[in-house]
Amino acid sequence: MTMQVHGSLREIPESSWNPLVLATDFYQSHQWLLTQEAADWASASYLSIPGADTPTAQAVAYALTTCRYALPHWSPNEQDVLLVGGRTGYHNRLLAQPHACRSILEGLSEHAASQGRCWLLFDHFDHRSVAAVAGHTEVRVALRGTAAKVRGIGGSFDDYLARFSSSRRRRIRAERRAFSQAGYSCAEGRLADVLEEAAPLIVATLAKYGSQVGPADVAAFLVPQAQFADAESVVFTCRDQAGALVGCSVCFRWGDHLYARVAGFNYPRLVGAFEYFELVYYRPVEYMARHSLSTLHLGKASIATKASRGAEVYPLWSALVPVGFLGRPGVKLLDPGGDDRIRASVSSVIDSVPASTFWIIND
């Protein structure tokens, strides 16, 4: 099969790239990848195998030029790997029809060799993609972490509540009453419309949880998102009685899925009315029920809190493939100790997750 390689996604029409991008793949969509293209520490390439009308396989690959990307501790250094798939977000999938899987892997391997790279690194890979790649070559796999999503929202907020125990339902209703009595006004809008107001709140929230990201850094990731993915954005906001923005949650809608990306709050102006839960969970759930959306993606942090609000926990993998396909097809575990540490870190919510869908290395 003929491989096409492009240096910019602007060279590929959205209508040609997105047909292979499912609702689960927002972070590999044409819109999102454009927001990531300008990084000065990763050189992007876009590989595709043409089909009759649309590609049968495609991938974005990044040649890392500095250590800005947080590689797994067991990974070769950045000069030796070609990072395949989205470099932000928390879900990666091999975008290939089954008959084109080997061809895209071979194309990626040749491309990596041309850049002097020894390994393909698929980070935050889903388990089906691990299995697909392992059918063609040796895959060295380690558990990267876990993420959370709420599925099966239903047609109303009450449908969402039905999954909880009676005591949890009472607690959630009490939280919502407290919020409704706080005098806030709430709205839904586009990122571009609130970007300047929202940025300082996001800086404050990131700082509260230990991040050193400053205003210029937040602007650097929000401005491209407003430029290239604004039509997919849904920002949930609340203002106090003086009209000041006191909270926001930036989400993106893709297919019938909603992706919670980042939240921000003006902490001195909050009144302690469960503003975080209202904007990050409850308002998005109501929005999803109105628009018949199925899944809310909540990301990687605070797994126990997310599970307490109805989220399922699922694994994310890092997979190394040697350039040149050395070794027989199959899976080799790289970091069993890390696997145990991650299991322990989410032990409080393991019981809510079916074992067959959580740890799949032996499936």
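Modeller: Let's start with the largest cavity, which has a volume of about 60 Å³. Please keep in mind that this is a predicted model.

Biologist: Happy to. What makes a space a cavity and not a pocket?

Modeller: A 1.4 Å probe fits in a cavity but cannot get out, whereas a pocket is an open set of points. By this rule, one cavity of 30 Å³ or more is found.

Biologist: Which residues line the largest cavity?

Modeller: The lining is made by Gln28, Gln58, Ala59, Val84, Gly85, Asn92, Arg93, Leu94, Leu95, Phe122 and Phe125. Two elements give two or more residues to it: strand S3 (57-64) and strand S6 (119-125). By type, six lining residues are nonpolar, four are polar and one is charged.

Biologist: S6 also holds His124. Why is His124 called buried?

Modeller: Buried means under 20% relative accessible area. His124 has 9% relative accessibility, so it counts as buried. The backbone of His124 deserves a look too: its phi is positive, about 55°, although it is not a glycine.

Biologist: What is the usual sign of phi in residues other than glycine?

Modeller: Most of them have a negative phi. Phe274 is another residue with a positive value, near 60°. You will find Phe274 in the loop between S11 and H9.

Biologist: How do you know whether Phe274 is buried, partly exposed or exposed?

Modeller: The relative accessible area of Phe274 is 36%. Partly exposed covers the range between 20% and 50%, so Phe274 falls in that class.

Biologist: Now the aromatic residues. How many aromatic pairs does a search of the whole structure find?

Modeller: The search finds 21 aromatic pairs.

Biologist: Take Phe26 and Phe252. Why is the pair called stacked?

Modeller: Their ring centres are 5.3 Å apart, and pairing needs centres within 6.5 Å. Their planes stand at 20°, and planes under 30 degrees apart count as stacked, so this pair is stacked. The pair also links distant parts of the chain, with the two positions 226 residues apart: Phe26 is in the loop between helix H1 (14-17) and helix H2 (30-36), and Phe252 is in strand S10 (residues 245-254).

Biologist: Are these two rings buried or exposed?

Modeller: Phe26 has 0% relative accessibility and counts as buried. Phe252, with a relative accessible area of 0%, is buried as well.

Biologist: And what makes the pair of Phe26 and Trp254 tilted?

Modeller: Here the centres are 5.9 Å apart, within the 6.5 Å limit, and the planes are at 55°. That angle is neither under 30 degrees nor over 60, so the pair is tilted. Phe26 lies in the loop between H1 and H2 while Trp254 lies in strand S10, so the pair ties together parts that are 228 residues apart in sequence. Both Phe26 and Trp254 are buried.

Biologist: Which residues do ring pairs link into a cluster?

Modeller: The cluster consists of Phe26, Tyr27, Trp32, Tyr90, Phe252, Trp254 and Tyr259.

Biologist: How do you know that the charged end of Arg309 sits over the ring of Phe277?

Modeller: The charged end of Arg309 is 3.9 Å from the ring centre of Phe277, and the rule asks for a distance within 6 Å, together with a position within 35 degrees of the ring normal. Arg87 likewise has its charged end over a ring, that of Tyr62, 5.6 Å from the centre.

Biologist: What about open spaces: how much space lies in the largest pocket?

Modeller: About 2,000 Å³. It is lined by 50 residues, and the closest to its centre are Leu206, Val213, Phe221, Arg261 and Val262. Helix H8 gives the largest share of the lining, six residues. The lining divides into 27 nonpolar, 11 polar and 12 charged residues.

Biologist: One last one, on helix H3 (residues 101-114). How do you know that its reach is close to the one expected?

Modeller: H3 has 14 residues, and the expected span is 1.5 Å times one less than that number, which comes to 20 Å. From first C-alpha to last, H3 reaches 20 Å, so the two agree closely. Several H3 residues are buried, among them Cys101, Ile104 and Leu108. After H3 comes Gly116, whose phi is positive, near 75°.

Note on methods. Residues numbered from 1 in each chain as written. Predicted model: local features only at pLDDT ≥ 70, side-chain atom pairs only at ≥ 80, totals over all residues. Heavy atoms only, no water. Phe/Tyr/Trp six-rings, centres within 6.5 Å; stacked < 30°, edge-to-face > 60°. Helix = DSSP H or I, 4+ residues; strand = E, 2+ residues; numbered from the N terminus. Buried < 20%, exposed > 50% of the residue type's maximum accessible area, 1.4 Å probe, protein only. 1 Å grid on protein atoms, 1.4 Å probe; cavity = no way out; pocket = protein on both sides within 12 Å on 5 of 7 lines; lining within 4 Å. Points joined across faces, edges and corners; volume = space filled by probe spheres on them. Nonpolar A, V, L, I, M, F, W, Y, C, P; charged D, E, K, R; others polar.
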